[in-house]
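Hi everyone, thanks for making the time. I'd like to walk you through one structure today, so please have a look at it while I talk.

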Amino acid sequence: MSEPSTTQDTAHSDATVRLTVAQALVRFLAAQYTERDGRRRRLIAGTWGVFGHGNVAGVGQALVEYADVMPYHQGRNEQAMVHAAVGYARQCGRLATQAVTTSIGPGATNLVTGAALATINRLPVLLLPGDYFATHAADPLLQQLEHPVAADVSVNDTLRPVSRWFDRITRPEALIPAALHAMRVLTDPAETGAVTLALPQDVQAEAFDWPREFFAERVWHIRRPAPDAAELAAAADAIRSAARPLIVAGGGVHHSAAEEALKALVDATGIPVAATQAGKGALRHDHPADVGGIGHTGTAVADHLARTADLVVGVGTRYTDFTTASGTLFQHPDVRFVNLNITAFDAHKLAATPLVCDARTGLTALSEALAGHRVEAAYEAEYRAGKDRWDRVVEAALRADDDSAVPTQTQVIGALDAVVGDDDVVINAAGSLPGDLHKLWRARSPRQYHLEYGYSCMGYEIPAAIGVQQAAPGTPVWALVGDGTYLMMPTEIVTAVQEGLPITVVLLQNHGYASIGGLSQSVGAERFGTAYRYRAADGTFTGAPLPVDLAANAGSLGMDVLRAKTVGELREALRTARAADRPTCVYVETDPAPTAPPAEAWWDVPVAAASTREAAVRARAAYDRRVADRRHHL
């Protein structure tokens, strides 16, 4: 990295350079790189910011000072900026990310949701919120929290539980170890997540004589730890002795770029692969061993294999409740688990035989250890036949024979499926779309299916699409959102317009929270509070939808808007949007009738144990029947 000439530089010895804390931090970040498998890239590719009194004179001035080495992106909402950085990091395979700077107060607390999303999904992002005066010279500040018994507490402490590393820089020299710790965590494949450096605003502007070595280019090697020999032997023995093994591919397959290693293992052994939301696309949808999504939103064939598997091999998965059907999915009386994971925390789940290592390294080692081993031909024939049956279900759900009809949600997915190329990226996070996509989407490449389902955060899709587009210029990026999700965070449409990023928002209008409405009905809550309807004088809701025009809203924020009322118009609008060179919204009102295949596995949402309402009583009886299937795997 070049070192910009400043008057401070010339006034001091060759060993040090006099800069403010904020200037030093920006220069340090601009010199950090990652390296994996011989490829080097910039770690902090840019900085998002919304400025206020807590960061404008510190980090803001530093970004002006070093604009030639640190790109700046202007956001509208602090939470959304984190989502954009997370989308960027995921698209880059966690080898690069972005920083986010905010003021003290609401700007800082708005980071919490995004930080939780990043940490839960094990995706790196650097957060730089402003903070109170370290000297307490002005106390209390505008927007400062006054804690009655602890003067060193600020609103930034809300970020501690959702950060993988947190520090408050109360003296200039404290930045040196803190910055190095921050980079260590951001680049650690097992420990990464949100990293927070809280920056008191007086310290940001304070000058210090920094050692020049602090600004030297530093390359952080992303390690690929190999499996322990004894653990590898135990895992291989377990697989050889299994009659019905099943691989569950999680997000760790993608994070490790282990897709080809997984394919090699599967091609050699014939073991079928089911995928979590984060792992979908680990195999192409048309690979003979890819049986689709697993769990509550899984396919019929994958969930049948899971129920009858005598060995489950988890690769890079956290085993969330959707994956395990809340502990009811794996029902073979002798089922055992092998968990290949870079974190011991996850590798030991479900009393598994652990294989703690990098996913690609571990899968390659397993292939070598299992040389010559293959599952029985009858088992292969069984799951391939099941895959064929499910493919016919998918075709029926996605097909739309009448171009003049109002499309259903699954037909919207089908229309998009027919338009995208192999390298397009489809982004979603919340509502009923994740379940439909997990069952029905036919992933063609490892990065195409971008579902944030660790936190399932409404409002993630549009800012994440911005981050993905920044990470992969020229790649068509689709943000799929329902009306409920759209209303959470449409503000970053303005950012996409300002940055000239040709993302496409596919906006499905069904006048309410469709996913939670269905869940509400199933648990005896009678869809209460889940529809967008007029409220009558007696407090009840009428059947008329609100006269809200979300397409007009998207247009008012700068997007080109294509309205589609029919299947035929939708197909044409999607083709037009994919060829567009500026941000575009495809707006479609959908037929609300559910057309996706029903859930193949349970999900535990506790139901009222006592109620005077018949719907709740019936739901509780059904709940008691299902919860009896839960197992503790020991």
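**A helix pair, a cavity, a sheet and a covered helix**

Let me start with two helices: H12, residues 300-308, packs against H16, residues 377-398, at an angle of about 150°, and their axes are 8 Å apart. Before I go on, please keep in mind that this is a predicted model.

Who meets whom here? On the H12 side we have Ala300, Val301, His304 and Leu305, and they meet Tyr379, Glu382, Tyr383, Gly386, Lys387 and Trp390 in H16. Sorted by class, that contact has 6 nonpolar, 2 polar and 2 charged residues.

Now stay with H16, since it turns up again at a cavity. Searching the whole structure gives 3 cavities of 30 Å³ or more, and I'd like to show you the second largest, with a volume of about 140 Å³. Its lining has 15 residues, and those nearest the centre are Asp290, Gly292, Lys387, Trp390 and Asp391. Which elements supply at least two residues each of this lining? They are strand S14 (290-293), H16 and helix H18 (433-440), with H16 giving the largest share, 4 residues. The lining of this second largest cavity is made up of 6 nonpolar, 3 polar and 6 charged residues.

On to the sheet. Here 6 strands run in the order S19-S18-S20-S21-S25-S24, forming an open sheet with parallel pairing. The edges are S19 (449-451) and S24 (560-564); each has a single partner strand, so one side of each has no neighbour in the sheet. From one strand to the next, the twist averages 20°.

If you zoom in on S21 (504-509) and S25 (584-589), you'll find them paired in the parallel sense over 6 bridges, with Val505 opposite Cys585 in S25. Packing on this sheet is helix H19, residues 461-471, which touches S18 (425-428), S19, S20 (477-482) and S21. The direction of H19 makes about 175° with that of S20.

My last stop is helix H6, residues 111-120. Is H6 mostly covered or mostly open? Mostly covered: 7 of its 10 residues are buried, namely Leu111, Gly114, Ala115, Ala116, Leu117, Ala118 and Thr119. The cover over those buried residues includes helices H4 (78-91) and H5 (106-109), along with strands S6 (97-102), S7 (125-131) and S9 (194-200). And one backbone detail to finish: just after H6, Arg122 takes a positive phi of about 60°.

Thanks for listening!

Methods:
Residues numbered from 1 in each chain as written. Predicted model: local features only at pLDDT ≥ 70, side-chain atom pairs only at ≥ 80, totals over all residues. Heavy atoms only, no water. Pairing = 2+ DSSP bridges. Axes fitted to C-alpha atoms, helices over the stretch in contact; angles between N-to-C directions. Contact = heavy atoms within 4.5 Å. Nonpolar A, V, L, I, M, F, W, Y, C, P; charged D, E, K, R; others polar. 1 Å grid on protein atoms, 1.4 Å probe; cavity = no way out; pocket = protein on both sides within 12 Å on 5 of 7 lines; lining within 4 Å. Points joined across faces, edges and corners; volume = space filled by probe spheres on them. Buried < 20%, exposed > 50% of the residue type's maximum accessible area, 1.4 Å probe, protein only.
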